[in-house]
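Hi,

Here is the structure I promised to pass along. Have a look first, and my notes follow underneath.

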Amino acid sequence: MRRDLQIVGHGVGRVFLPLLVLAAMLKPAQADSATTQLLASGHADEAVQTLEQQISRDSKDAESYNLLCRAYFMMEEWDRGIPACERAAKLDPEKSLYHLWLGRIYGEKASRVGFLSAAGLAKKVRTSFERAVQLDPKNWEARVDLAEFYLQAPSMVGGGQDKARAQAQALLPLNPAMAHWILARIAGRNKDGAGAEREYKAAIEASHGAAQHWLHLAQFLAHADRLFEMDQALRTMASSPLDRPDALMDGGSLLLHLGRDYPEAIRLLRRYLESPAEEGPAFKAHDYLGQLLEKQGDRLAAAEQYRAALALFHGYRRAQEGLKRVEN
């Protein structure tokens, strides 16, 4: 899920070619690259507009439908994204990635509906993830998502810890760090805190100290109310190899929600905005920064961050609410 067209800067005031001109200048492969970069840098509004124009010219462009699905996923607009994901998988049913994203967006929708609807969607989630793995057994992200489904879902819709553990074993030669992460999640579900901690630390070792896995340990420590150890894990994360930039955003968000070390949270988020990723859209990072600055009493700086979020995604409700608070 990641990035050829250079777009400079991550705040308000970027200069873009008008979308119609951009689309006319780019060949289809270049357009895919450009819109992927828009997604990677959190430009949700521009991405949706560009992709809708691309689809209007070519209604059988599976890649554009997949990217449109991912844009709506980023915007948390599951009902608008599901048809785009379904269309991509229908147009190119042999592509593992399309089934992976279809499963992801079904899963997000399932977590927000009633029991009966969720049960039906859960079966679609399982089918999509299993198909993604079947089409590409080396797709470790699909195996991770499938394992997480098996771990979270009840047996009546195909869940089960034995199935999650089998996916962890299959992940060992593909991505050993994520295999240990799955094993840590299984131990956590079984109230085995010591076993979970061992596996989170094994994931750090297997990843050669990558930031993402220090974040996972920090989240575990936070859940265990071991907050001073969590602080140390986050400090180590900040100086570790940055395998996933969104680990910085998630670390800042964790400190924000725990009400701890706001200056460090701000540093993490500002660093994240130097190299944002699709998995943690920049408009959310700006919103978190706005909240932190607001809590510190800097309403002008907070307003600037909320406006930066809305420049990327004009319908982002949390930033709208934040801007309204600090401007009143």
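Three helices share the work around the second largest pocket: α10 (176-189), α11 (193-206) and α12 (211-223) each supply at least two residues of its lining. Please keep in mind that this is a predicted model. The biggest contribution to that lining comes from α10, with 5 residues. The space in the second largest pocket is about 210 Å³. If you want to select the lining, pick Trp181, Ala184, Arg185, Gly188, Arg189, Ala196, Tyr200, His216, Gln219, Phe220 and His223. By class, the lining of this pocket splits into 5 nonpolar, 4 polar and 2 charged residues.

Now for the second largest cavity, which has a volume of about 40 Å³. Its lining is made up of Asp231, Leu234, Arg235, Leu255, Asp261 and Glu264. Helix α13 (residues 227-238) gives the most here, with 3 residues. What classes do the lining residues of the second largest cavity fall into? There are 4 charged and 2 nonpolar residues, and no polar ones.

I also went through some helix pairs. Two packed helices are described by the angle between their axes and the distance between the axes, so I give both for each pair.

**α12 and α14**

Besides helping to line the second largest pocket, α12 packs against helix α14 (residues 246-258), with axes that come within 9 Å and cross at roughly 20°. An angle under 35 degrees counts as roughly parallel, and α12 and α14 are therefore roughly parallel to each other. The crossing of α12 past α14 is left-handed. On the α12 side the contact uses Ala211, Gln212, Leu215, Ala218, Gln219 and Ala222, and these meet Ala247, Asp250, Gly251, Leu254 and Leu258 in α14. This contact has 7 nonpolar, 3 polar and 1 charged residues. Gln219 appears twice in these notes: it lines the second largest pocket and belongs to the contact of α12 with α14.

**α6 and α7**

Helix α6 (residues 96-110) and helix α7 (residues 115-135) have axes that come within 8 Å and cross at roughly 160°. Are they roughly parallel or roughly antiparallel to each other? With an angle over 145 degrees, α6 and α7 are therefore roughly antiparallel. Here too the crossing is left-handed, with α6 passing α7. From α6, the residues in contact are Ser96, His99, Leu100, Leu102, Gly103, Arg104, Tyr106, Gly107, Lys109 and Ala110. They meet Ala118, Leu121, Lys124, Val125, Ser128, Phe129, Arg131, Ala132 and Leu135 of α7. Sorted by class, the contact of α6 with α7 has 10 nonpolar, 5 polar and 4 charged residues.

**α16 and α18**

For helix α16 (residues 282-295) and helix α18 (residues 317-327), the axes lie 10 Å apart and the packing angle is about 25°. That makes α16 roughly parallel to α18. In this pair α16 passes α18 in a left-handed crossing. Lys284, Asp287 and Glu294 of α16 make the contact with Arg318, Ala319, Arg325 and Val326 of α18. Of the residues in this contact, 5 are charged, 2 are nonpolar and none is polar.

Happy to talk any of this over once you have had a look.

Best wishes

Methods: Residues numbered from 1 in each chain as written. Predicted model: local features only at pLDDT ≥ 70, side-chain atom pairs only at ≥ 80, totals over all residues. Heavy atoms only, no water. Axes fitted to C-alpha atoms, helices over the stretch in contact; angles between N-to-C directions. Helix = DSSP H or I, 4+ residues; strand = E, 2+ residues; numbered from the N terminus. Parallel < 35°, antiparallel > 145°, perpendicular 65-115°, else oblique. Left-handed = near helix turned anticlockwise from the far one by under 90°. Contact = heavy atoms within 4.5 Å. Nonpolar A, V, L, I, M, F, W, Y, C, P; charged D, E, K, R; others polar. 1 Å grid on protein atoms, 1.4 Å probe; cavity = no way out; pocket = protein on both sides within 12 Å on 5 of 7 lines; lining within 4 Å. Points joined across faces, edges and corners; volume = space filled by probe spheres on them.
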